[in-house]
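Visitor: Please pick one part of this model and go through it closely, together with what surrounds it. Give the cut-offs for the terms as they come up.

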Amino acid sequence: MLRKIHVSTTVTAALLTLAIPGPAAFAARASRGAQAPPSALERLKAGNARFVRDAAAPLPIDEASRQAQARGQSPFAIVLSCADSRVPPEVIFNAGLGEIFVVRTAGGVADQAVLASIEYAAEHLNASLLVVMGHDTCGAVKTAVESKAGGASMGPNLDALVGAIRPAFDHMSAPADGDHLRDAVLANVEQVVNDILTKSAIVKHLIGAGKLQAIGAYYEFATGRVRFSEAVRLSSEHASNSPAAHR
Ligand SMILES: [Zn+2]
(Lines give C-alpha, C1' and ligand atoms only; values in the text may rest on other atoms or scores of the structure.)
Protein backbone atom coordinates (compact mmCIF):
# COMPACT_ATOMS: atom_id res chain seq x y z
CA MET A 1 0.00 0.00 0.00
CA LEU A 2 1.62 3.15 -1.18
CA ARG A 3 0.58 6.69 -0.72
CA LYS A 4 2.20 9.31 -2.86
CA ILE A 5 3.28 12.37 -1.01
CA HIS A 6 2.22 15.44 -2.88
CA VAL A 7 4.76 18.18 -3.16
CA SER A 8 3.99 21.78 -2.46
CA THR A 9 4.61 24.15 -5.32
CA THR A 10 7.29 25.92 -3.36
CA VAL A 11 9.26 22.74 -2.76
CA THR A 12 9.15 21.18 -6.16
CA ALA A 13 12.37 19.36 -5.38
CA ALA A 14 10.95 17.24 -2.62
CA LEU A 15 9.59 13.86 -3.48
CA LEU A 16 8.41 11.64 -0.70
CA THR A 17 6.42 8.47 -0.86
CA LEU A 18 4.87 7.09 2.26
CA ALA A 19 5.39 3.40 1.64
CA ILE A 20 3.59 1.32 4.21
CA PRO A 21 5.22 -2.11 4.00
CA GLY A 22 3.49 -5.27 5.09
CA PRO A 23 4.69 -7.30 8.10
CA ALA A 24 7.02 -9.50 6.03
CA ALA A 25 8.81 -6.54 4.55
CA PHE A 26 9.04 -4.95 7.96
CA ALA A 27 10.64 -8.04 9.46
CA ALA A 28 13.07 -8.32 6.58
CA ARG A 29 14.16 -4.76 7.03
CA ALA A 30 14.53 -5.15 10.76
CA SER A 31 17.01 -8.01 10.43
CA ARG A 32 20.31 -7.04 8.93
CA GLY A 33 23.86 -8.24 8.68
CA ALA A 34 26.57 -6.74 10.84
CA GLN A 35 28.97 -5.80 8.05
CA ALA A 36 28.50 -2.07 8.52
CA PRO A 37 27.46 0.14 11.42
CA PRO A 38 23.70 0.56 11.45
CA SER A 39 22.36 3.75 9.93
CA ALA A 40 20.24 6.12 11.99
CA LEU A 41 17.12 4.73 10.34
CA GLU A 42 18.20 1.16 11.03
CA ARG A 43 18.78 2.06 14.66
CA LEU A 44 15.27 3.49 14.92
CA LYS A 45 13.78 0.44 13.22
CA ALA A 46 15.68 -1.88 15.52
CA GLY A 47 14.49 0.07 18.55
CA ASN A 48 10.90 -0.06 17.34
CA ALA A 49 11.26 -3.79 16.72
CA ARG A 50 12.30 -4.23 20.38
CA PHE A 51 9.20 -2.25 21.42
CA VAL A 52 6.96 -4.33 19.14
CA ARG A 53 8.34 -7.57 20.60
CA ASP A 54 7.87 -6.33 24.15
CA ALA A 55 6.20 -3.01 24.91
CA ALA A 56 7.53 -3.33 28.46
CA ALA A 57 11.12 -3.75 27.28
CA PRO A 58 13.33 -1.64 29.54
CA LEU A 59 14.78 1.46 27.94
CA PRO A 60 18.56 1.27 27.39
CA ILE A 61 19.28 3.64 30.24
CA ASP A 62 21.94 3.17 32.85
CA GLU A 63 24.00 5.18 35.26
CA ALA A 64 27.04 5.30 33.01
CA SER A 65 25.10 6.68 30.06
CA ARG A 66 23.42 9.25 32.26
CA GLN A 67 26.78 10.42 33.54
CA ALA A 68 28.19 10.49 30.02
CA GLN A 69 25.39 12.74 28.81
CA ALA A 70 26.55 15.45 31.19
CA ARG A 71 29.45 16.09 28.85
CA GLY A 72 27.20 16.79 25.88
CA GLN A 73 24.72 15.25 23.50
CA SER A 74 24.99 13.77 20.04
CA PRO A 75 21.56 12.38 19.14
CA PHE A 76 21.56 10.30 15.99
CA ALA A 77 18.00 11.22 14.99
CA ILE A 78 15.42 13.98 15.31
CA VAL A 79 11.82 12.92 15.76
CA LEU A 80 8.99 15.42 15.31
CA SER A 81 5.86 13.79 16.59
CA CYS A 82 2.47 14.59 18.00
CA ALA A 83 2.28 15.53 21.67
CA ASP A 84 -0.31 12.77 22.16
CA SER A 85 0.42 11.00 25.44
CA ARG A 86 0.30 7.61 23.72
CA VAL A 87 3.15 8.22 21.28
CA PRO A 88 6.34 8.97 23.24
CA PRO A 89 9.14 8.50 20.69
CA GLU A 90 11.74 7.44 23.27
CA VAL A 91 9.51 4.53 24.26
CA ILE A 92 8.29 3.62 20.79
CA PHE A 93 11.90 3.52 19.54
CA ASN A 94 13.27 2.02 22.76
CA ALA A 95 15.85 4.79 22.85
CA GLY A 96 18.24 5.71 25.61
CA LEU A 97 19.33 9.06 26.97
CA GLY A 98 20.83 11.33 24.36
CA GLU A 99 19.91 9.11 21.41
CA ILE A 100 16.98 10.91 19.82
CA PHE A 101 16.18 14.62 19.79
CA VAL A 102 12.42 14.81 20.24
CA VAL A 103 10.22 17.73 19.29
CA ARG A 104 6.51 17.39 19.95
CA THR A 105 3.46 19.52 19.29
CA ALA A 106 -0.18 18.58 18.82
CA GLY A 107 -0.43 17.23 15.30
CA GLY A 108 3.32 17.66 14.88
CA VAL A 109 2.67 21.14 13.53
CA ALA A 110 5.96 22.87 12.79
CA ASP A 111 5.97 26.47 13.95
CA GLN A 112 9.06 28.65 14.15
CA ALA A 113 10.20 27.26 17.50
CA VAL A 114 9.90 23.73 16.13
CA LEU A 115 11.87 24.65 13.02
CA ALA A 116 14.58 26.22 15.16
CA SER A 117 14.75 23.13 17.34
CA ILE A 118 15.12 20.87 14.31
CA GLU A 119 17.78 23.14 12.82
CA TYR A 120 19.72 23.14 16.07
CA ALA A 121 19.73 19.36 16.31
CA ALA A 122 20.60 18.89 12.65
CA GLU A 123 23.24 21.53 12.22
CA HIS A 124 24.81 21.85 15.66
CA LEU A 125 24.28 18.37 17.11
CA ASN A 126 24.80 16.65 13.74
CA ALA A 127 21.76 14.40 13.92
CA SER A 128 21.61 12.63 10.57
CA LEU A 129 17.94 11.68 10.38
CA LEU A 130 14.72 13.70 10.67
CA VAL A 131 11.52 11.73 11.16
CA VAL A 132 8.08 13.37 10.99
CA MET A 133 5.75 10.88 12.65
CA GLY A 134 1.96 10.78 12.57
CA HIS A 135 -0.15 8.23 14.38
CA ASP A 136 -3.48 6.43 14.56
CA THR A 137 -6.54 8.39 15.65
CA CYS A 138 -4.66 11.67 16.01
CA GLY A 139 -6.92 14.00 17.96
CA ALA A 140 -5.43 17.15 16.48
CA VAL A 141 -5.98 15.92 12.92
CA LYS A 142 -9.42 14.58 13.84
CA THR A 143 -10.38 17.98 15.21
CA ALA A 144 -9.17 19.61 12.01
CA VAL A 145 -11.23 17.15 9.98
CA GLU A 146 -14.37 17.66 12.02
CA SER A 147 -14.22 21.43 12.44
CA LYS A 148 -14.91 23.93 9.71
CA ALA A 149 -12.95 27.05 8.86
CA GLY A 150 -14.93 29.96 10.24
CA GLY A 151 -16.89 27.65 12.55
CA ALA A 152 -17.27 27.92 16.29
CA SER A 153 -14.05 29.10 17.89
CA MET A 154 -12.08 26.83 20.22
CA GLY A 155 -9.98 29.80 21.29
CA PRO A 156 -7.29 31.57 19.29
CA ASN A 157 -4.53 29.06 19.91
CA LEU A 158 -6.44 25.89 19.08
CA ASP A 159 -8.00 27.68 16.12
CA ALA A 160 -4.52 28.50 14.83
CA LEU A 161 -3.29 24.94 15.29
CA VAL A 162 -6.25 23.39 13.53
CA GLY A 163 -6.06 26.04 10.83
CA ALA A 164 -2.44 25.05 10.21
CA ILE A 165 -3.39 21.40 9.74
CA ARG A 166 -6.48 21.88 7.57
CA PRO A 167 -4.74 22.84 4.27
CA ALA A 168 -3.14 19.38 4.25
CA PHE A 169 -6.52 17.92 3.35
CA ASP A 170 -6.53 19.74 0.00
CA HIS A 171 -4.11 17.07 -1.25
CA MET A 172 -6.19 14.07 -0.22
CA SER A 173 -7.75 11.89 -2.87
CA ALA A 174 -10.16 10.50 -0.26
CA PRO A 175 -12.67 12.72 1.52
CA ALA A 176 -11.31 14.40 4.64
CA ASP A 177 -13.72 12.84 7.09
CA GLY A 178 -13.76 10.51 10.06
CA ASP A 179 -13.75 7.46 7.82
CA HIS A 180 -10.45 8.50 6.27
CA LEU A 181 -8.58 9.71 9.31
CA ARG A 182 -5.47 7.69 8.48
CA ASP A 183 -5.29 9.37 5.07
CA ALA A 184 -5.74 12.73 6.77
CA VAL A 185 -2.91 12.00 9.22
CA LEU A 186 -0.63 10.99 6.34
CA ALA A 187 -1.60 14.14 4.46
CA ASN A 188 -0.63 16.13 7.53
CA VAL A 189 2.74 14.35 7.75
CA GLU A 190 3.30 15.22 4.12
CA GLN A 191 2.40 18.85 4.75
CA VAL A 192 4.69 19.10 7.76
CA VAL A 193 7.60 17.68 5.76
CA ASN A 194 6.93 20.18 3.02
CA ASP A 195 6.58 23.00 5.54
CA ILE A 196 9.96 22.17 7.04
CA LEU A 197 11.64 22.09 3.64
CA THR A 198 9.92 25.29 2.57
CA LYS A 199 10.66 27.26 5.70
CA SER A 200 14.09 25.95 6.69
CA ALA A 201 16.89 26.65 4.23
CA ILE A 202 19.24 25.03 6.73
CA VAL A 203 17.38 21.72 6.70
CA LYS A 204 17.04 21.76 2.94
CA HIS A 205 20.73 22.45 2.53
CA LEU A 206 21.72 19.63 4.91
CA ILE A 207 19.52 17.21 3.01
CA GLY A 208 20.96 18.34 -0.31
CA ALA A 209 24.47 17.96 1.08
CA GLY A 210 23.72 14.40 2.16
CA LYS A 211 24.20 15.23 5.83
CA LEU A 212 20.56 14.80 6.80
CA GLN A 213 17.87 12.38 5.71
CA ALA A 214 14.20 13.34 6.11
CA ILE A 215 11.48 10.75 6.21
CA GLY A 216 7.79 10.43 7.04
CA ALA A 217 6.45 7.84 9.46
CA TYR A 218 3.23 6.49 10.88
CA TYR A 219 2.75 4.82 14.26
CA GLU A 220 0.08 2.16 14.72
CA PHE A 221 -1.41 1.56 18.15
CA ALA A 222 -2.58 -1.98 17.45
CA THR A 223 0.84 -3.33 16.49
CA GLY A 224 3.22 -0.79 18.03
CA ARG A 225 4.90 -0.59 14.67
CA VAL A 226 6.19 2.50 12.98
CA ARG A 227 5.93 2.48 9.19
CA PHE A 228 8.42 4.62 7.33
CA SER A 229 8.20 6.37 3.99
CA GLU A 230 10.99 6.64 1.50
CA ALA A 231 13.43 9.43 2.18
CA VAL A 232 12.91 12.91 0.78
CA ARG A 233 15.04 13.51 -2.29
CA LEU A 234 15.98 16.91 -3.61
CA SER A 235 16.72 17.68 -7.24
CA SER A 236 20.29 18.61 -8.12
CA GLU A 237 19.14 22.19 -8.67
CA HIS A 238 17.82 22.56 -5.15
CA ALA A 239 20.50 20.42 -3.57
CA SER A 240 23.19 22.75 -4.85
CA ASN A 241 21.55 25.84 -3.41
CA SER A 242 23.50 27.24 -0.51
CA PRO A 243 21.48 28.39 2.47
CA ALA A 244 24.01 31.12 3.16
CA ALA A 245 21.76 33.77 1.67
CA HIS A 246 19.00 32.77 4.02
CA ARG A 247 21.01 32.91 7.20
ZN1 LIG B 1 -1.89 13.28 17.49
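Guide: Strand S3 (residues 77–82) is joined to strand S5 (residues 129–135) by five bridges, and the two run parallel. Here strands (E, at least two residues) and helices (H or I, at least four) are DSSP runs, numbered from the N terminus, and two strands pair if DSSP finds at least two bridges between them. The model is a predicted one, in which local features need pLDDT of at least 70 and side-chain atom pairs count only at pLDDT 80 or more, while totals for chains, interfaces and linings use all residues. Residue numbers start from 1 along each chain as its sequence is written.

Within the pairing of S3 with S5, Leu80 has Val132 as its bridge partner. S3 also pairs with strand S4 (residues 100–105), again in the parallel sense, over six bridges. There, Ala77 is bridged to Ile100 of S4. Six of the six residues of S3 are buried, so the strand is largely enclosed by the rest of the structure. A residue is buried if 20 or more other C-beta atoms lie within 10 Å of its own, exposed if 12 or fewer do, and partly exposed in between, with C-beta atoms placed from the backbone.

S3 belongs to an open sheet of five strands, ordered S4-S3-S5-S6-S7, with mixed pairing. The edges are S4 and S7; each has a single partner strand, so one side of each lacks a neighbour in the sheet. On average, neighbouring strands are turned by 20° against each other, direction ignored. Axes are lines fitted to C-alpha atoms, for helices over the stretch in contact, and angles run from 0 to 180 degrees between N-to-C directions.

Towards the S7 edge, strand S6 (residues 213–219) and strand S7 (residues 226–231) run antiparallel and are joined by four bridges. Ala217 is bridged to Phe228 of S7, and Tyr218 to Arg227 of S7. S6 and S7 make a hairpin with six residues between them, and Gly224 in its turn has a positive phi of about 80°.

Helix H9 (residues 201–208) has six of its eight residues buried, so it is largely enclosed by the rest of the structure. Those buried are Val203, Lys204, His205, Leu206, Ile207 and Gly208. Gly210, just after H9, takes a positive phi of about 80°.

H9 packs against helix H5 (residues 112–124) at an angle of about 35°, with the axes 9 Å apart. The crossing of H5 and H9 is left-handed, a term used if the near helix is turned anticlockwise from the far one by less than a right angle, and right-handed if clockwise. Ile118, Glu119, Ala122 and Glu123 of H5 meet Ile202, Val203 and Leu206 of H9; the residues of this contact comprise five nonpolar, no polar and two charged. Contact means C-beta atoms, placed from the backbone, within 7 Å. Ala, Val, Leu, Ile, Met, Phe, Trp, Tyr, Cys and Pro count as nonpolar, Asp, Glu, Lys and Arg as charged, and the others, Gly among them, as polar.

Helix H8 (residues 181–199) is mostly covered, with 15 of its 19 residues buried. Arg66, in helix H3 (residues 63–69), counts as exposed because it has 12 C-beta neighbours inside 10 Å. Neighbours within four places in sequence aside, Arg66 is in contact with Ile61 and Leu97.

Methods
Expected span 1.5 Å × (residues − 1). Contact = placed C-beta atoms within 7 Å.
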